[in-house]
Amino acid sequence: MKALILGATGQLGREWQAFLADFETDEFVVVPYTSNQLDITDFENVEKELFEQQPDVIVNCAAYTKVDKAEEDREKALLVNAKAVKNLADRCKKLNIKLVHFSTDYIFAGDKEDRRQFPEGYPENHNADPVNWYGQTKWEGEKAIRNSGCAHLIMRVSWLCGAYGNNFVTAMLQLAGEYDQLDIVSDQWGSPTFTDTLVRSTFKLIEEEQEGTYHLTTEGIISWADFAEKIFAMADKQVSVNKIPSSEYPTAATRPCFSKLNTDKVKNISGIEVEEWQQGLRRLLKQLNKK
Ligand SMILES: NC(=O)c1ccc[n+]([C@@H]2O[C@H](COP(=O)([O-])OP(=O)(O)OC[C@H]3O[C@@H](n4cnc5c(N)ncnc54)[C@H](OP(=O)(O)O)[C@@H]3O)[C@@H](O)[C@H]2O)c1
């Protein structure tokens, strides 16, 4: 088995590299690509590399992830998150490669009505209706994969956090060193997904030869302010959280107020468990402490 990891230096790409290092043998080959080694928007080079490598699986961690910047950098975001993903999917179909891809809670409208309708979170088959450009480009990427007819797994995740790279947890820990009180929005609801659990669960789905779209996040539904309070409490940081509405924290990109993903589908796969968000956070804080 040969697996290529694209976007290998991102937060998720590094988690995949760490996880797969334990599996590497002569029969299980992992080839990581940084964005410099393989830019997914260089269609010609992608074709050449895939043809030469002939992998069984591509794990695509490459993405344009700057949600606010995407509002002005529209062409670039669309190129990376949709056009390049279409190219990858078309090549995968041609060369019989399975494409593992990651998408986002931001493909959904995330309004109050949806929260009332889906208190346990959005199911996989609910219609997409993104409220920002990043979400729109990720949705275009998803559709391109399905339309290509290639064998694929699309993992939708929310509030991604892990021991590698920058995320809400690392940002809060950094700010805790500078401030004793912080304004955090309390009217956007969802749940964090931890990269180590995501990688382990996705690997299980690959092993089980599953295909299609899955939601993967933790149990529970919280606001960013709740999340911040728990981070400070668990990390023993003396920071008080002022809960503010999103209207007092304007951003270039609109954020959905509800982006909880329902995980019933993935829970039906034997060997996959969905943990409570507090459990994932406790583990991540320990991992960050060791660094
Ligand atoms: N972060 C979140 O909260 C979140 C939430 C929901 C879903 N997701 C999804 O989860 C996946 C992983 O996110 P992440 O947090 O790991 O993102 P990340 O840390 O920003 O990593 C993205 C990676 O993609 C690479 N990349 C960007 N443009 C590229 C290109 N043209 N060719 C090749 N590589 C390119 C980047 O390389 P350079 O740094 O060298 O440019 C970086 O290594 C993405 O699909 C994202 O949409 C993330």
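**Exercise 1. Place K143 in the structure and decide how open its surroundings are.**

K143 lies in helix α5, which covers residues 133-148. Keep in mind as you work that this is a predicted model. Next, look at the neighbours: K143 has 15 other C-beta atoms within 10 Å. A residue is buried at 20 or more such atoms and exposed at 12 or fewer. K143 is therefore partly exposed, with its 15 neighbours. Finally, compare sequence and space: K143 and K86 are 57 residues apart in sequence, while their C-alpha atoms are 8.6 Å apart.

**Exercise 2. Do the same for I269, then list its contacts.**

Start with the location: I269 lies in the loop between α9 (264-267) and α10 (277-290). Then count: 14 other C-beta atoms lie within 10 Å of I269, so this residue is partly exposed. Now find its partners. If you leave aside neighbours within four places in sequence, I269 is in contact with K204, L205, E208 and Q210. As a last step, try a distance: I269 and D105 are 164 residues apart in sequence and 21 Å apart in space, C-alpha to C-alpha.

**Exercise 3. Work out how strands β1, β3 and β4 are arranged.**

Begin with β1 (residues 2-6) and β3 (residues 57-60): they run parallel and are joined by 4 bridges. To see this pairing up close, find L4, which stands opposite I58 in β3. Move on to β3 and β4, which also pair in the parallel sense, over 4 bridges. Here N60 stands opposite H101 in β4. Now trace the chain from β3 through α3 to β4: this β-α-β crossover is right-handed.

**Exercise 4. Explore the largest nonpolar core.**

First, its extent: the largest nonpolar core has 71 residues. Those with the most contacts inside the core are I5, L6, I58, C61, L88 and L99. Helix α3 (residues 74-95) gives the largest share of this core, 8 residues. Now zoom in on L99. Apart from neighbours within four places in sequence, L99 is in contact with I58, N60, L88, A89, C92, I145, C150 and H152.

**Exercise 5. Describe the shell around the ligand.**

Step one is to count: 25 residues surround the ligand, and the closest are G7, G10, L12, S35 and A62. Step two is to sort them by type, which gives 12 nonpolar, 11 polar and 2 charged residues. Step three is to ask where they come from. Both α1 (11-21) and β4 (98-104) supply at least two residues of the shell. The largest share, 3 residues, comes from α1.

**Exercise 6. Find two non-glycine residues with positive phi and say whether each is buried or exposed.**

Take W159, which is not a glycine but has a positive phi of about 45 degrees. W159 sits in the loop between β5 (152-157) and β6 (160-161). Because W159 has 23 C-beta neighbours inside 10 Å, this residue counts as buried.

Now turn to E209, whose phi is also positive, near 55 degrees, in a residue other than glycine. E209 belongs to the loop between α7 (195-207) and β10 (212-215). E209 has 9 C-beta neighbours inside 10 Å and so counts as exposed. Well done: you have found W159 buried and E209 exposed.

Terms used:
Residues numbered from 1 in each chain as written. Predicted model: local features only at pLDDT ≥ 70, side-chain atom pairs only at ≥ 80, totals over all residues. Near = placed C-beta within 6 Å. Nonpolar A, V, L, I, M, F, W, Y, C, P; charged D, E, K, R; others polar. Core = buried A, V, L, I, M, F, W, Y, C linked by C-beta atoms within 7 Å. Contact = placed C-beta atoms within 7 Å. Pairing = 2+ DSSP bridges. Right-handed = clockwise from strand over helix to strand, strands pointing away.
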